[in-house]
Amino acid sequence: KEHAARVRRDFEEALKNSEFQAYYQPKVNVETGKITGAEALCRWFRDGKMIPPMEFIPILERSTDIFRLDFYMLDLVCKNIRKWLDEGKNAVRISINFSRKHLTDPKLLDNIVAIINRYDIPYEYIEIELTETTTEGDYHKLKKLVEGLKEVGIHTSIDDFGIGYSSLNLIRDLPWNVMKIDKSLL
C-alpha cells in the first residue's frame, strides 16, 4: 500500500520532469538480420535509479493515470520519429503499448490520430499494441478501434493472446497486423 501511494504521488512530478523514457526493443528479420521495427518499452528513472515497469504499471492501471502515461509515451515516440526523419535517418515502425482500459474512451482513436498528426508522422511508422480483451463488451469496442486504426493506416497488434478472453473472433474478425501469442497457449 505504501509503495502504491508513493507511485501515485510521484507520478505527476515524473511526467513534468520527463522521468519516463522510451527504450526501443528492436524487431529483427531473422533471415536478413535487418531491423524491421521496434517496441517502445516504458522505463521510469527517478533519483538515478530505474523503477521496474512491474512496480508502477499495475498501480497506474488501477486509475486513469495509465491513460496519461500511454499518451505520454505515444507523444515521446512521435517526437523521436520526427527527429529521426528530420535528420534523414531511417525510421522503422514503432509499437506503443496501450492499456485495454482505454476502450472506455469513445475518443481514443481521435486522440491517437491527433498526437501522430501533431508531429506530422506518416501513419506507417506507428503500431498500437493492445492486450487482449476480457469481456464481450470490450470486444466490440476493441473491434471498432482496430477497424478504425486500420482504416486510417495505423498498424495494430495484439499482445498476450491466449491468456484472457481468447475468443477466436479476435483472430477471425479483427484485422490485426501482428499477433503476439502468449506462451501458455502453446
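This briefing describes the fold, the strand pairings, one helix, one pocket and a few single residues of a protein.

The model is predicted, so local features need pLDDT of at least 70 and side-chain atom pairs count only at pLDDT 80 or more, while totals for chains, interfaces and linings use all residues. Residues are numbered from 1 along each chain as its sequence is written, and side-chain values use heavy atoms, with hydrogens and water left out. The protein has 6 helices and 7 strands; helices (H or I, at least four residues) and strands (E, at least two) are DSSP runs, numbered from the N terminus.

**Overall fold**

- Along the sequence, the elements follow the pattern α-β-β-β-α-α-β-α-β-α-β-α-β.
- Of the 186 residues, 42% count as buried. Buried means under 20% relative accessible area, exposed means over 50%, and partly exposed lies in between (1.4 Å probe, protein chains only).
- Among contacts with a separation of 6 or more, 68% are between residues 24 or more positions apart. A contact means heavy atoms within 4.5 Å.

**Strand 2 and its partners**

- Strand 2 covers residues 35-46, and 9 of its 12 residues are buried.
- Two strands pair if DSSP finds at least two bridges between them.
- Strand 1 (residues 20-28) runs antiparallel to strand 2, and 9 bridges join them. In this pairing Gln-25 stands opposite Glu-39, and Pro-26 has Ala-38 as its bridge partner.
- Strands 1 and 2 form a hairpin with 6 residues between them, and Gly-33 in the turn has a positive phi of about 80°.
- Strand 3 (residues 49-51) is also antiparallel to strand 2, with 3 bridges joining them. Here Trp-44 stands opposite Ile-51.
- Strands 2 and 3 form a hairpin with 2 residues between them.
- Strand 4 runs parallel to strand 2, and 4 bridges join the two. Ala-40 has Ile-96 in strand 4 as its bridge partner.

**Helix 4**

- Helix 4 spans residues 108-118, and its buried residues include Leu-108, Ile-112, Val-113, Ile-115 and Ile-116.
- These residues lie on the same side of helix 4 because they cover an arc of only 160° around the axis. The arc is that of the directions from the helix axis to the C-beta atoms.
- An α-helix has 3.6 residues a turn, so residues three or four places apart point the same way.

**The second largest pocket**

- This pocket has a volume of about 240 Å³. Grid points are joined across faces, edges and corners, and a volume is the space filled by probe spheres set on the points.
- A pocket, on a 1 Å grid over the protein atoms alone, is an open set of points where a 1.4 Å probe fits, with protein on both sides within 12 Å along at least five of seven lines; lining residues have an atom within 4 Å of a point.
- Its lining includes Leu-103, Pro-106, Lys-107, Leu-108, Lys-141 and Leu-145.
- Helix 4 and helix 5 (136-152) each supply at least two residues of the lining.
- By class, the lining has 5 nonpolar, 1 polar and 5 charged residues. Ala, Val, Leu, Ile, Met, Phe, Trp, Tyr, Cys and Pro count as nonpolar, Asp, Glu, Lys and Arg as charged, and the others, Gly among them, as polar.

**Residues with a positive phi**

- Most residues other than glycine have a negative phi.
- Ser-18 has a positive phi near 55° and is not a glycine. Ser-18 lies in the loop between helix 1 (2-16) and strand 1, and counts as partly exposed because its relative accessibility is 44%.
- Asp-47 likewise has a positive phi, near 55°. Asp-47 is in the loop between strand 2 and strand 3, and its relative accessibility of 72% is why it counts as exposed.
- Asp-120, just after helix 4, takes a positive phi of about 55°.

**A buried loop residue**

- Ser-99 is in the loop between strand 4 (93-98) and helix 4.
- Ser-99 has 6% relative accessibility and therefore counts as buried.
- Leaving aside residues up to four places away in sequence, Ser-99 touches Glu-61, Ile-66, Asp-70 and Leu-130.
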